[in-house]
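The following exercises invite the reader to work through a protein structure step by step. Each task is followed by a worked solution.

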Amino acid sequence: MSIWWSLHLRREAASVPLARRLLLGTMESAGVDPDISYDLSLALSEACANAVEHGGDAAHGGASEAFRVTAYLDGEKCRIEVTDSGPGFPAGRPWPLARLVPAEAEHGRGLGLIRELADHVHIGHAPGRRGAVVSFDKVLKWRKGAPLVAV
């Protein structure tokens with residue numbers, strides 16, 4: 001079983017729950033275990049929130065108006081990719097590892113949370129252009145009698 005979809009979303013806060021609901025609906029329809037669905041939807045929300053906040057093109061006054069979310073449910077794995085057109089991460093520096101952030105901090109925990117919720121995480125630049133790419137995947141578990149379970 002394989003399902004994929006891609007969204008081109010405006011860099012607005014309202015886009016975050018839209019992407020999350022689509023992912024949750026897809027996984028529920030496919031029969032993915034609710035705990036796995038929740039973990040992936042939370043990771044997706046963090047990645048989308050980062051794209052909304054940081055994904056603008058600084059050279060044009062942060063005016064980039066969109067980011068892309070693509071999700072693949074393929075066999076026993078779900079892979080999600082969020083791509084923006086912002087400044088990306090500093091060149092020559094590895095992507096920011098989960099850093100120690102005080103528990104009361106309101107910002108700065110997103111990438112670390114994604115890393116904790118997913119099995120594999122890759123954070124880098126969009127090939128051949130500006131922007132950041134946050135991709136992550138997780139092995140799926142299925143509800144008993146799931147309609148689209150991988151064989």
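**Exercise 1. Describe the order and the pairing of the strands in the open sheet.**

Step 1. The open sheet has five strands in the order 1-2-3-5-4, and the pairing is antiparallel. Strands (E, at least two residues) and helices (H or I, at least four residues) are DSSP runs, numbered from the N terminus. Two strands pair if DSSP finds at least two bridges between them.

Step 2. Strand 1 (2-10) and strand 4 (120-125) stand at the edges with a single partner strand each, so one side of each has no neighbour in the sheet.

Step 3. On average, neighbouring strands of this sheet are turned by 10 degrees against each other, direction ignored. Axes are lines fitted to C-alpha atoms, for helices over the stretch in contact, and angles between N-to-C directions run from 0 to 180 degrees.

The model is predicted: local features need pLDDT of at least 70 and side-chain atom pairs count only at pLDDT 80 or more, while totals for chains, interfaces and linings use all residues. Residues are numbered from 1 along each chain as its sequence is written, and side-chain values use heavy atoms, with hydrogens and water left out.

**Exercise 2. Follow the bridges across the sheet and name some partners.**

Step 1. Nine bridges pair strand 1 with strand 2 (residues 66-74) in the antiparallel sense. The bridge partner of R10 in strand 2 is A66.

Step 2. Strand 3 and strand 5 run antiparallel and are joined by seven bridges. Here V82 has V134 in strand 5 as its bridge partner.

Step 3. Strand 4 pairs with strand 5 over six bridges, again in the antiparallel sense. In strand 5, D137 stands opposite H120. These two strands form a hairpin with six residues between them, and G128 in the turn has a positive phi of about 75 degrees.

**Exercise 3. Place helix 1 against the strands.**

Step 1. Helix 1 (residues 15-30) lies across strand 1, strand 2 and strand 3 (77-83), and runs at about 170 degrees to strand 1.

Step 2. Helix 3 (residues 110-117) packs on the sheet, where it touches strand 4 and strand 5 (132-139). The direction of helix 3 makes about 25 degrees with that of strand 5. Contact means heavy atoms within 4.5 Å.

Step 3. S15 is found in helix 1. This residue is buried, with a relative accessible area of 7%; buried means under 20% relative accessible area, exposed over 50%, and partly exposed in between (1.4 Å probe, protein chains only). Residues up to four places away in sequence aside, S15 touches L9, R10 and F67.

**Exercise 4. Determine which residues have the most contacts inside the largest nonpolar core, and which helix gives the most to it.**

Step 1. A nonpolar core is a set of buried Ala, Val, Leu, Ile, Met, Phe, Trp, Tyr and Cys residues joined through side-chain atoms within 4.5 Å. The largest one has 37 residues, and L40, L44, I80, V82, F136 and L140 have the most contacts inside it.

Step 2. At least two residues of this core come from each of strand 1, helix 1, helix 2 (34-54), strand 2, strand 3, helix 3 and strand 5. Helix 2 gives the most, with nine residues.

Step 3. Among the residues that V82 touches, leaving out those up to four places away in sequence, are L44, A47, C48 and A51, together with F67 and V134.

**Exercise 5. Examine helix 2: what is its span, and against which elements do its buried residues pack?**

Step 1. Helix 2 has 21 residues and reaches 30 Å from its first C-alpha to its last, close to the expected 30 Å. The expected span is 1.5 Å times one less than the number of residues.

Step 2. The buried residues of helix 2 include I36, L40, L44, A47 and A51. An α-helix has 3.6 residues a turn, so residues three or four places apart point the same way.

Step 3. Helix 1, strand 2, strand 3, helix 3 and strand 5 are the elements against which the buried residues of helix 2 pack.

**Exercise 6. Decide whether strand 5 is enclosed, and describe G124 in strand 4.**

Step 1. Seven of the eight residues of strand 5 are buried, so this strand is largely enclosed by the rest of the structure.

Step 2. G124 lies in strand 4 and is buried, with a relative accessible area of 11%. Its C-alpha atom is separated by 8.7 Å from that of S135, eleven residues apart along the chain.
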